[in-house]
Amino acid sequence: MTDHTAPDPAHTESLLASVRAWIDDDPDPADRDELSALLDAGNTAELADRFAGPLTFGTAGLRGPLRAGPNGMNLAVVRQAAAGLVSWLRANDTTADEPLVIGYDARRGSKQFAEETARVATGAGLRALVMPRNLPTPLLAFAVRHLGGCAGVMVTASHNPPQDNGYKVYLGARLGGELGAGAQIVPPVDGEISARIAAVTKLADVPLGDSGELLDESIVTAYLDRAASVVDSDGPRDLVVAYTPMHGVGGQVAADAFVRAGFAEPHHVDAQWTPDGTFPTVSFPNPEEPGAMDRVIALAKQVNADIAIASDPDADRCAVAIPAPAAPGGWRMLRGDEVGVLLADHLMRRGRRGTYATTIVSSSLLKTLTAERGLGYAETLTGFKWISRSAADLCFGYEEALGYCVDPDGVRDKDGITAALVVAELAAGLKAELRTPADRLDEIAAQHGVYATDQLSVRVDDLSEISDAMARLRSKTPTTLLDEPVSSAEDLQPDADVVILRTPECRVVVRPSGTEPKLKAYLEVREPVAEGDLASARERASAALTALRTETAAALGIWSVAP
């Protein structure tokens, strides 16, 4: 039925008054003109969207579309966020002796937003250290620890579409504590900073200083020295690698890291080498997306590479593809769980002791490996902000969304560059033994069983569909999965909107996405392997995943399932 309700004149006038007030206080002339043009055109629908509320400052900081107004990423929003952050830092006894370290990627507006943050910091009497150029997010996380910073800001939207940008905040050792030194913020700090941001009412009153101190290339050199140390100095190095930074900022840093660690410089995709925030050759700059790795795999075939690697635009994630004669095109991308298990297994066999951590939605195979080998294990909610804080002796962490931390004492966050080096080390070691990563995965499966994972993702237009589905799951929780009794049903509320169902041989984790209008279910089945039975065990696991997917969709009551 069509809604013929006329707009409320009082609401419209209130909206227009808010727009005019914002324009009067907006420090960016281009953004003022953008909003004025919408006013002149009478485009109240667009203005209502831009003024529906401020971007939410959460545990990932800010992220949103580049556009004028409070519900977008722009100079005014960044000045307000920086002023709130600096106010919180000053309230927590930060002095000019503890620098705020600021980094940025190659997206539109990133450098300008970084410079504005530095001006707000120096205007408040703090010391601001700005990275020498657009650089990867893990380098900023490293610099916060290496330089003894009070906190760090990284201007990036990671693997979001080109029209977005974002603002991530890290804490130094004093404010973050033993587990959070150089890690992303978590509650209650995000809420405290958010309250300080909301208290900034007039941007013209925010004192601005100079643009801070520009760091030189020695910070990059220090990171590269640390990165090279994550691999053994005397291991095999015979490996041919195809690599792409996917138009992001990882390219030259990754190439230099490979050479510093003793490997040949990777072959790279020329068309995707130069940082470009428009990402012209990929429809979505996320290596998890179908087709995103097509160019680097084509290059891998051309140069007869042993592995293909892709970084996402800010180089904190690492995607890996390997030759697979049975797969379409002869190559396949490894799942995040496969790379995570390969890295953990490799580090364990190298003698790395400590706690190995992952999230509740990642494969439970890591838990099996740590139990067998007498090593510590931790399981957290999704997100590296939690993995980073999982244990004082954390030695490795990963999440299934292509994030890996192989050197927590250097970078207490996911790092696609050091992860790529350890992937190369394990692949070169296997190659020296005339084996491949696929062979090692087969050996692990033969010993521990096939742990097969998949994801069911439901995109919605109305967010109430997600809450309805979660309520339905809680009120009518399945008692069986794959014809086996559910042995455990956990509801993580109020800490998290997550439901976990388990049987001895399968697991389902259901949660709303934290970044998209999606409901996600993470599926896992375990299939034992008899001697010589690996291929058929994988077939049975695949069939079980398909059945589990159908049962989960039915339990949620939503049948429009995205791949």
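How do the residues of the lining of the second largest pocket divide into nonpolar, polar and charged? In this predicted model, the split is 4 nonpolar, 2 polar and 7 charged. The pocket itself has a volume of about 260 Å³. It is lined by 13 residues, and those closest to its centre are Ser-364, Arg-502, Thr-503, Arg-507 and Glu-524. Three strands each supply at least two residues of this lining: S21 (499-503), S22 (506-512) and S23 (518-527). Strand S23 gives the largest share, with 3 residues.

Stepping back to the whole chain, the protein has 18 helices and 23 strands. Its C-alpha trace spans about 75 × 60 × 45 Å along the principal axes. The radius of gyration is 24 Å, and because a compact globule of 563 residues would come out near 24 Å, the two agree. Of the 563 residues, 55% count as buried. As for contacts between residues at least 6 apart in sequence, 67% of them join residues at least 24 apart.

Now for the inside of the protein. The largest nonpolar core takes in 90 residues, and the members that touch the most others are Met-131, Tyr-223, Ile-309, Leu-343, Tyr-356 and Phe-396. Helix H15 (residues 416-432) gives the most to this core, putting in 11 residues. A second core, separate from that one, holds 51 residues, including Ala-83, Leu-89, Ile-193 and Ile-197.

Leu-343 is worth a look in the viewer. Once its neighbours within four places in sequence are set aside, Leu-343 is in contact with Phe-396, Tyr-404, Val-406, Ala-419, Val-422, Val-423 and Leu-426. Two of these partners, Val-423 and Leu-426, turn up again in the lining of the largest cavity.

A search of the whole structure turns up 4 cavities of 30 Å³ or more. Rolling a probe the size of a water molecule over the atoms is what shows where such empty space is left. The largest cavity holds about 50 Å³ of space. Its lining is made up of Val-320, Ile-322, Leu-334, Val-339, Leu-342, Val-423, Leu-426 and Pro-437. Strand S11 (318-323), helix H12 (336-349) and helix H15 each give two or more residues to that lining. In chemical terms, the lining comes to 8 nonpolar residues, with no polar and no charged ones. The pocket described at the start, by contrast, has 7 charged residues in its lining.

A few spots in the backbone also stand out. Most residues other than glycine have a negative phi, and most peptide bonds are trans. The peptide bond from Pro-187 to Pro-188 is cis, with omega near 5°. Pro-188 sits in the loop between strand S6 (183-184) and helix H8 (189-198). The bond from Gln-493 to Pro-494 is cis too, again with omega near 5°. Here the proline, Pro-494, is found in the loop between strand S20 (488-491) and strand S21, and S21 is one of the strands that supply the pocket lining.

Two aspartates have a positive phi. For Asp-93, phi is near 65°, and the residue lies in the loop between helix H4 (75-91) and strand S2 (100-104). Asp-93 has 60% relative accessibility, so it counts as exposed. Asp-483 also has a phi near 65°, and its place is in the loop between strand S18 (480-481) and strand S19 (484-485). With a relative accessible area of 75%, Asp-483 is exposed as well.

Technical notes: Residues numbered from 1 in each chain as written. Predicted model: local features only at pLDDT ≥ 70, side-chain atom pairs only at ≥ 80, totals over all residues. Heavy atoms only, no water. Core = buried A, V, L, I, M, F, W, Y, C linked by side-chain atoms within 4.5 Å. Buried < 20%, exposed > 50% of the residue type's maximum accessible area, 1.4 Å probe, protein only. Helix = DSSP H or I, 4+ residues; strand = E, 2+ residues; numbered from the N terminus. Contact = heavy atoms within 4.5 Å. 1 Å grid on protein atoms, 1.4 Å probe; cavity = no way out; pocket = protein on both sides within 12 Å on 5 of 7 lines; lining within 4 Å. Points joined across faces, edges and corners; volume = space filled by probe spheres on them. Nonpolar A, V, L, I, M, F, W, Y, C, P; charged D, E, K, R; others polar. Rg over C-alpha atoms; globule rule 2.2 N^0.38 Å.
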